[in-house]
Amino acid sequence: QFLLGFQALSLFLQAGLTCIARLPMRLDMMAVQAACGLCALGFTSRTPRSLFQVLLEPLYATPLLATALRALMAGTGAAV
């Protein structure tokens with residue numbers, strides 16, 4: 001449940017930041033979010049924590065960080 005909640009929060013933050021910065025929505029970043037959501041559905045309390053740390057933690061952070069970087073670059077006039 002926690003993973004799905006965090007995934008939903010991350011997706012909403014990404015979408016909100018994209019809209020606030022008036023950036024085009026990137027379908028590849030949405031696909032990464034969807035893949036994370038599917039993985040989160042497959043995880044149970046018996047799944048080794050190390051698997052989550054190796055597989056999902058970087059994937060959760062990537063779309064949100066990439067969107068934040070795009071928004072920062074758009075604010076400075078750099079090409080996004």
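Start at arginine 26. This residue is partly exposed, with a relative accessible area of 31%. The model is predicted, so treat each stop as a computed picture.

**Stop 1: the salt bridge**

Keep arginine 26 selected and add aspartate 28. The two form a salt bridge, with their closest N and O atoms 2.5 Å apart. A salt bridge here needs a side-chain nitrogen of Lys or Arg within 4 Å of a carboxyl oxygen of Asp or Glu, so 2.5 Å qualifies. Aspartate 28 is partly exposed, at 39% relative accessibility. How many salt bridges does a search of the whole structure find? The search finds 1.

**Stop 2: the whole chain**

Zoom out and colour by secondary structure. The chain holds 3 helices and 0 strands. Along the sequence the pattern reads α-α-α. Along the principal axes, the C-alpha atoms fill a box of roughly 45 × 20 × 15 Å. Of the 80 residues, 24% count as buried.

Now colour by pLDDT. The chain mean is 80, and 92% of the residues reach 70 or more. Which element has the lowest mean pLDDT, and which the highest? Helix H3, residues 49–76, has the lowest at 79. H1 has the highest at 83.

**Stop 3: helix H1**

Select residues 2–20, which make up helix H1. Put a distance label between its end C-alpha atoms: they are 27 Å apart. At 1.5 Å a residue, the 19 residues should span 27 Å, so the two values agree.

Next, pick out Leu3, Gln7, Ser10, Gln14 and Thr18. These are the buried residues of H1. Turn the view to look down the helix axis. The buried residues fall within an arc of 65°, so they line one face of the helix.

Rotate to the face turned away from that buried side. Here sit the exposed residues Phe2, Phe12, Cys19 and Ile20.

**Stop 4: single residues on H1**

Select phenylalanine 2. It lies in H1 and counts as exposed, at 68% relative accessibility. Add Phe6, Leu9 and Leu13 to the selection. Together with Phe2 they form a nonpolar patch on the surface, with about 440 Å² of accessible area. Show this group as a surface.

Move to leucine 4, also found in H1. Is leucine 4 buried, partly exposed or exposed? Leucine 4 is partly exposed, with a relative accessible area of 34%. Draw a line from its C-alpha to that of glutamine 33. The two residues are 29 apart along the chain, and their C-alpha atoms are separated by 11 Å.

Go on to alanine 8, again in H1. Alanine 8 counts as partly exposed, at 30% relative accessibility. Draw a second line, to phenylalanine 43. The C-alpha atoms of alanine 8 and phenylalanine 43 are 16 Å apart, with the residues 35 apart along the chain.

Finish the helix at isoleucine 20, which lies in H1. Isoleucine 20 is exposed, with a relative accessible area of 71%. Its C-alpha and that of threonine 62 are separated by 19 Å, and the two residues are 42 apart along the chain.

**Stop 5: the loop after H1**

Select arginine 22. Where does arginine 22 lie? Arginine 22 is in the loop between H1 and H2. Check its backbone torsion. Phi is positive, about 55°, although the residue is not a glycine. Then check the solvent side: arginine 22 is exposed, with a relative accessible area of 78%.

**Stop 6: helix H2**

Select residues 27–42, helix H2. This helix has 16 residues. From its first C-alpha to its last it reaches 23 Å, close to the 22 Å expected at 1.5 Å a residue.

Which residues of H2 are buried? They are Met29, Gln33, Cys36, Gly37 and Ala40. Look down the axis again. The buried residues of H2 fall within an arc of 100°, so they line one face of the helix. Gln33, the partner in the leucine 4 distance, is among the buried residues of H2.

Turn to the other side of H2. Leu27, Leu38, Leu41 and Gly42 are exposed there.

Definitions and conventions. Residues are numbered from 1 along each chain as its sequence is written. Side-chain values use heavy atoms; hydrogens and water are left out. Buried means under 20% relative accessible area, exposed over 50%, partly exposed in between (1.4 Å probe, protein chains only). Patches are made of residues with over 30% relative accessible area and no salt bridge: like charges are joined within 9 Å, nonpolar side chains (Val, Leu, Ile, Met, Phe, Trp, Tyr) within 5 Å. Accessible areas come from the Shrake-Rupley method with a 1.4 Å probe; for residues, only the protein chains shown count as cover. Helices (H or I, at least four residues) and strands (E, at least two) are DSSP runs, numbered from the N terminus. The expected span of a helix is 1.5 Å times one less than its number of residues. The arc is that of the directions from the helix axis to the C-beta atoms. pLDDT is the predictor's confidence in each residue, from 0 to 100.
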